[in-house]
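Student: I'm new to this structure and would love a close look at one part of it. Could you walk me through it step by step?

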Amino acid sequence: MEHSTGPAPSGVVVVANRLPYTIRPAPGGAELRRAVGGLVTAVEPVLLAEGGVWIGWGGRTAAPGELPVNLAVPREAPRYRIHEVLLTAAEYRGYYHGFANSCLWPLSHLFVGRAVVRAEHWEAYRAVNRRFARAALENAAPGRLVWVHDYHLTLVPAFVREARPDVPIAFFWHIPFPPPEAFLVLPWARDILAGLLGSDAIGFHTADYARNFLRTVRALPGAEVDEEQGAVLYQGRVIRVQVLPIGVDWDAFDGTARRPAVRRRAEAIRAALGTPHILLGVDRLDYTKGIPERLAAFGAFLDAHPEYRGKVTFIQVGVPSRSEVPEYQEVRRRVEEAVGRLNGLHGDGWQVPVRYVVRPFSREELVAHYLAADAALVTPLRDGLNLVAKEYVASRVDGAGVLVLSPFAGAAAQLPEAVLANPYEVNDLAAGIFRALAMDPAEKGRRMEALRRRVREHDLRWWWDQVRSLLRVGEPGTATLHAAG
């Protein structure tokens, strides 16, 4: 495998659970495959512009004597480096499937009854967080920002701070942060809070998440909280807590949607389906995304409005996720059964109302589907933000289309012109679908124009500028916090 012991490049040190590439052994070196996911889509453009290093797991478990990959990417025109953190199969099970995704994930999404609390998972989580922190320290030159991401790595900021108090550290929490009544159920909640407060600045998608965090921090001995200013005084340092909803790469989605080949593909999708109306859902196969509930609402819509039978097709794209975990296998089974049931009840010959696709799409294919759909159904039971909502808006260069959005997605706070519908109430969501399809074209245009303006003004570039403005880096090794503009 390819590796290097040379210095890391200048720029930002991104620390995240996954690399933007999946690494596989290949004759003469490493085979890199592009990874998919919201975090990669959001963060990689920053590194492409700023340079730096991305530290993360590459999708493989360590073999005896194997060296981690450390190389420049993209290979055809290098802009930054990837630094692989190698994990054993046992470490990955305990840290990722165990503590991060069987405990922190459900707890943060208020599925408290699903949280699996095991001491051995916590120990694996601590050990792997130390491993990531050591990798960050190898690349943390004086004054270079260490930017840590998400619930997998909450202890990294404190570990880095302990060894290098001169390094500026920012943390971004990408999922919901629950109220203290839920978070403090966790036996190690205070350890996680102390880990996060190793940062100089912590970002959340919504004011509710930031408020929940500040209320929860009050339970940490020695922490003083100023909710009005969004600040925590801890161990002699001021930690700024900011509301910074992530944006999409506007230019990439808007530009892709304007390509003639992509627009032709959108027309081909509509022609192939052969119905006047198309609905679209794009989700990971996760129990928080509300896909079975959405399918039930679509069925209720067809029951309430039989005039739409044979005239509307619902495309549900399901991206496989954490397929080794039983809860996720159960979600996939429920979705497949619901699709079969709907198609059996409402199909007519070869014409079926639901087209179910289980694979990730390229950006071009995704944007073509966004352009083809009369409405996007973004209806999670709970979601940190949900970039699909913003991607759909950024892709609608024609000014058409309707966004049906759950009020429990973080994006709802930014996108009031969407049709809000409660995914827990089947008839409310069914009514939202009907409203989207029956909406007057002029109203569709007004709503989409306002949504596009909001998404364009608060795009990925804006988001990174706000994150960077939290830290004013002066002389090497010093950093002073100030309020973002």
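Student: Which residues does Ala430 touch, not counting residues up to four places away in sequence? Please take me from there into the surroundings.

Tutor: Happy to! Keep in mind that this is a predicted model. Leaving aside residues up to four places away in sequence, Ala430 touches Ala297, Ala300 and Phe301. Ala430 itself is part of helix 14, and with a relative accessibility of 7% it counts as buried. The cut-off for that word is under 20% relative accessible area. The chain also brings a distant stretch of sequence to this place: Leu295 is 135 residues apart from Ala430 along the chain, yet their C-alpha atoms are separated by 9.6 Å.

Now step back to the helix that carries Ala430. Helix 14 covers residues 426-438 and lies across strand 13, strand 14, strand 16, strand 17 and strand 18. Relative to strand 17, helix 14 runs at about 170°.

Those strands belong to an open sheet. Six strands make up this sheet, in the order 15-14-13-16-17-18, and their pairing is parallel. At the edges stand strand 15 (354-357) and strand 18 (419-420); each has a single partner strand, so one side of each is left without a neighbour in the sheet.

Let's walk through the sheet pair by pair, beginning with strand 14. Strand 14 runs parallel to strand 13, and eight bridges join the two. One place to find this pairing is Val282, whose bridge partner in strand 14 is Val317. Strand 13 is also joined to strand 16, by two bridges, and these two run parallel as well. Here you can look for Leu279, which stands opposite Ala375 in strand 16. Moving on, strand 16 pairs with strand 17 in the parallel sense over four bridges, and Ala376 stands opposite Leu403 in strand 17. Finally, strand 17 (residues 402-405) pairs with strand 18, again in the parallel sense, over two bridges. In that pair, Val404 has Val419 in strand 18 as its bridge partner.

What about the two faces of these strands? In a regular strand the side chains alternate between the two faces of the sheet. Strand 14 is a good one to try this on. Val312, Phe314, Gln316 and Gly318 point one way from strand 14, while Thr313, Ile315, Val317 and Val319 point the other way. All of these are buried, and strand 14 is mostly covered, with eight of its eight residues buried. Strand 16 is covered on both faces too: Ala375 and Leu377 are buried on one side, and Ala376 and Val378 are buried on the other.

Helix 14 is joined in this region by helix 13. Helix 13 lies across strand 13, strand 16 and strand 17, and its direction is about 170° to strand 17. Just before helix 13 there is a residue worth a pause. Asn386 sits in the loop between strand 16 (375-378) and helix 13 (387-395). Its phi is near 95°, a positive value in a residue other than glycine. Asn386 counts as buried, because its relative accessibility is 9%.

Helix 13 has a helix partner as well. Two packed helices are described by the angle between their axes and the distance between the axes. For helix 8 (residues 250-257) and helix 13, the axes come within 8 Å and cross at roughly 50°, which means that helix 8 is oblique to helix 13. The crossing of helix 8 past helix 13 is right-handed. On the helix 8 side, Trp250, Phe253, Asp254 and Ala257 take part, and they meet Glu391, Ala394 and Ser395 in helix 13. The residues of this contact divide into four nonpolar, one polar and two charged.

To retrace the route in the viewer, start at Ala430 in helix 14, then follow the strands that helix 14 lies across, among them strand 16 and strand 17. From there go to helix 13, which also lies across strand 16 and strand 17, and end at Trp250 and its companions in helix 8, which meet helix 13.

Methods
Residues are numbered from 1 along each chain as its sequence is written. This is a predicted model: local features need pLDDT of at least 70, side-chain atom pairs count only at pLDDT 80 or more; totals for chains, interfaces and linings use all residues. Side-chain values use heavy atoms; hydrogens and water are left out. Buried means under 20% relative accessible area, exposed over 50%, partly exposed in between (1.4 Å probe, protein chains only). Axes are lines fitted to C-alpha atoms, for helices over the stretch in contact, and angles run from 0 to 180 degrees between N-to-C directions. Angles under 35 degrees count as roughly parallel, over 145 as roughly antiparallel, 65 to 115 as roughly perpendicular and the rest as oblique. A crossing is left-handed if the near helix is turned anticlockwise from the far one by less than a right angle, and right-handed if clockwise. Contact means heavy atoms within 4.5 Å. Ala, Val, Leu, Ile, Met, Phe, Trp, Tyr, Cys and Pro count as nonpolar, Asp, Glu, Lys and Arg as charged, and the others, Gly among them, as polar. Two strands pair if DSSP finds at least two bridges between them.
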